[in-house]
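Work through the exercises below with the sequence and the model at hand. Each task is followed by a solution in steps.

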Amino acid sequence: MYVCLCEPVTDRQIREVVCSGAACSVRQLQAQLGIAKKCKKCARAACDIVNETLASVEATPMVNTHTTTHVITAVQL
Ligand code: FES
């Protein structure tokens with residue numbers, strides 16, 4: 001599903017970027033994918049997808065128990 005219509009970006013693209021570790025906030029998604037730069041109507045939906053994706057990554061069992069996981073909240077525009 002397209003999240004940003006001004007710069008055609010899908011929820012799948014957002015999830016991939018977040019899962020890759022390249023972005024964990026809407027501001028970082030702006031730099032990576034170009035979303036939320038024009039009308040910004042997509043910012044709230046993008047923020048929700050970032051938070052959902054980070055939460056699902058957090059819920060995934062980790063093999064290495066010495067790794068510390070940080071929760072980073074998406075910033076508002
Ligand atoms: S819908 Fe994303 S900037 Fe307009």
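**Exercise 1: the surroundings of Ala46**

Leaving aside neighbours within four places in sequence, Ala46 is in contact with Val3, Ile14, Val26, Leu29, Ile35 and Ala36; contact means C-beta atoms, placed from the backbone, within 7 Å. This is a predicted model, in which local features need pLDDT of at least 70, side-chain atom pairs count only at pLDDT 80 or more, and totals for chains, interfaces and linings use all residues. Residues are numbered from 1 along each chain as its sequence is written.

Task: place Ala46 in the largest nonpolar core and state which elements supply that core.

Solution.
1. A nonpolar core is a set of buried Ala, Val, Leu, Ile, Met, Phe, Trp, Tyr and Cys residues joined through C-beta atoms within 7 Å.
2. The largest such core has 20 residues, and Ala46 is among those with the most contacts inside it, as are Val3, Ile14, Leu29, Ile35 and Val50.
3. β1 (2-4), α1, α2 and α3 each supply at least two residues of this core. Helices (H or I, at least four residues) and strands (E, at least two) are DSSP runs, numbered from the N terminus.
4. The most comes from α3, with six residues.

**Exercise 2: the packing of α1 and α3**

Task: describe how α1 and α3 cross, and which residues meet.

Solution.
1. The axes of α1 (residues 11-20) and α3 come within 9 Å and cross at roughly 45°. Axes are lines fitted to C-alpha atoms, for helices over the stretch in contact, and angles run from 0 to 180 degrees between N-to-C directions.
2. α1 is therefore oblique to α3, given that angles under 35 degrees count as roughly parallel, over 145 as roughly antiparallel, 65 to 115 as roughly perpendicular and the rest as oblique.
3. From α1, Asp11, Ile14, Arg15, Val18 and Cys19 meet Ala46, Ile49, Val50, Thr53, Leu54 and Val57 of α3.
4. The residues of this contact divide into eight nonpolar, one polar and two charged (Ala, Val, Leu, Ile, Met, Phe, Trp, Tyr, Cys and Pro count as nonpolar, Asp, Glu, Lys and Arg as charged, and the others, Gly among them, as polar).

**Exercise 3: two residues in a loop**

Task: is Ala36 buried or exposed?

Solution.
1. Ala36 is found in the loop between α2 (26-33) and α3 (43-59), and its phi is near 55°, a positive value in a residue other than glycine.
2. Ala36 is buried because 24 C-beta neighbours lie inside 10 Å; the cut-offs are 20 or more other C-beta atoms within 10 Å for buried, 12 or fewer for exposed, and in between for partly exposed.
3. Lys40 is in the loop between α2 and α3, with phi near 65°, also positive. With 15 C-beta neighbours inside 10 Å, Lys40 counts as partly exposed.

Conventions. Contact = placed C-beta atoms within 7 Å.
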